[in-house]
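Let's walk through this fold together, one question at a time. Have the structure open and follow along.

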Amino acid sequence: MILEVQKKQATPEIVVLELRGRLLMGNDSRQVEWSIAEVMKEGAKRVVMDLRELDAIDSTGVGILVMCNAKLQKAGGVMRIVSTDGIVESTLQMTHVDRIVKFFETVEAASEKFEVA
């Protein structure tokens, strides 16, 4: 499986995007970009990216997550990442994504006290 993105509504104000598979260079990775554009068009300003089922990520995937965060921030929104210890989280920490997006262990924890800029 390359990449599957599933949208869920955690609360009326919070959208969760679950990513499964591999977030790598190629057309499949654009699904994340399109999903963020869709939820923003619907008016969502709080997005949780659930990466617990993501098996791999490369520089393209890192770039897409950073770009999605920037788009949300520009629109006055906030993105949070749910991840567990593993290669994906290690990659995001090595590239310092954890310095610009808050990381959490569960969707519930990420959804608490969500602040919009």
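## A buried serine, a mixed sheet and its salt bridges

Q: Is Ser-29 buried or exposed in this predicted model?
A: The cut-off for a buried residue is under 20% relative accessible area. Ser-29 has a relative accessibility of 3%, so this residue counts as buried.

Q: Which residues does Ser-29 touch, not counting residues up to four places away in sequence?
A: Start from where the residue sits: Ser-29 is in the loop between β2 and α1 (30-41). Its side chain also reaches the backbone oxygen of Gly-26 at 2.7 Å, but Gly-26 falls outside this question. With residues up to four places away set aside, Ser-29 touches Leu-3, Leu-23, Leu-24, Thr-60 and Ile-64.

Q: In what order do the five strands stand in the open sheet?
A: The pairing in this sheet is mixed. β1 (3-9) and β5 (102-104) each have a single partner strand, so they stand at the edges. The five strands follow the order β1-β2-β3-β4-β5.

Q: How many bridges join β2 to β3?
A: Strand β2 covers residues 14-23 and strand β3 residues 46-57, and the two run parallel. Val-15 stands opposite Val-47 in β3, and Val-16 has Val-48 as its bridge partner. The count of bridges joining β2 to β3 is nine.

Q: What is the handedness of the crossover from β2 to β3?
A: One bridge between these strands pairs Val-16 with Val-48 in β3. The chain passes from β2 through α1 to β3, and this β-α-β crossover is right-handed.

Q: Which residue in β4 is the bridge partner of Asp-50?
A: β3 and β4 run parallel and are joined by five bridges. In β4, the partner of Asp-50 is Val-82.

Q: What angle does helix α3 make with β3?
A: Helix α3 spans residues 87-94. The helix lies across β3, β4 and β5. Its direction runs to β3 at about 115°.

Q: With which residues is Gln-9 in contact, leaving aside neighbours within four places in sequence?
A: Gln-9 is in strand β1 and, at 47% relative accessibility, counts as partly exposed. A polar atom of its side chain lies 3.1 Å from the backbone oxygen of Thr-11, and one lies 3.4 Å from the backbone oxygen of Pro-12. Leaving those near neighbours in sequence aside, Gln-9 is in contact with Ile-14 and Val-15.

Q: Which residue forms a salt bridge with Lys-7?
A: Side chains of opposite charge can pair when their charged atoms come close. For Lys-7, the closest N and O atoms of the salt bridge are 2.8 Å apart. Lys-7 lies in strand β1 and its partner in the loop between α1 and β3, so the pair ties together parts that are 35 residues apart in sequence. That partner is Glu-42.

Q: Is Glu-18 buried or exposed?
A: The side chains of Glu-18 and Lys-8 meet in a salt bridge, at 3.2 Å from N to O. The pair links Glu-18 in strand β2 with Lys-8 in strand β1, 10 residues apart. Lys-8 is partly exposed, with a relative accessible area of 39%. Glu-18 has a relative accessibility of 12%, so this residue counts as buried.

Q: How far apart are N and O in the salt bridge of Asp-50 and Arg-52?
A: Asp-50 is buried, with a relative accessible area of 5%, whereas Arg-52 is partly exposed at 35%. Their side chains meet in a salt bridge with an N to O distance of 2.7 Å.

Definitions and conventions:
Residues numbered from 1 in each chain as written. Predicted model: local features only at pLDDT ≥ 70, side-chain atom pairs only at ≥ 80, totals over all residues. Heavy atoms only, no water. Pairing = 2+ DSSP bridges. Helix = DSSP H or I, 4+ residues; strand = E, 2+ residues; numbered from the N terminus. Contact = heavy atoms within 4.5 Å. Axes fitted to C-alpha atoms, helices over the stretch in contact; angles between N-to-C directions. Buried < 20%, exposed > 50% of the residue type's maximum accessible area, 1.4 Å probe, protein only. Polar contact = N/O pair within 3.5 Å; in protein donor to acceptor, adjacent residues only side chain to side chain. Right-handed = clockwise from strand over helix to strand, strands pointing away. Salt bridge = Lys/Arg side-chain N within 4 Å of Asp/Glu carboxyl O.
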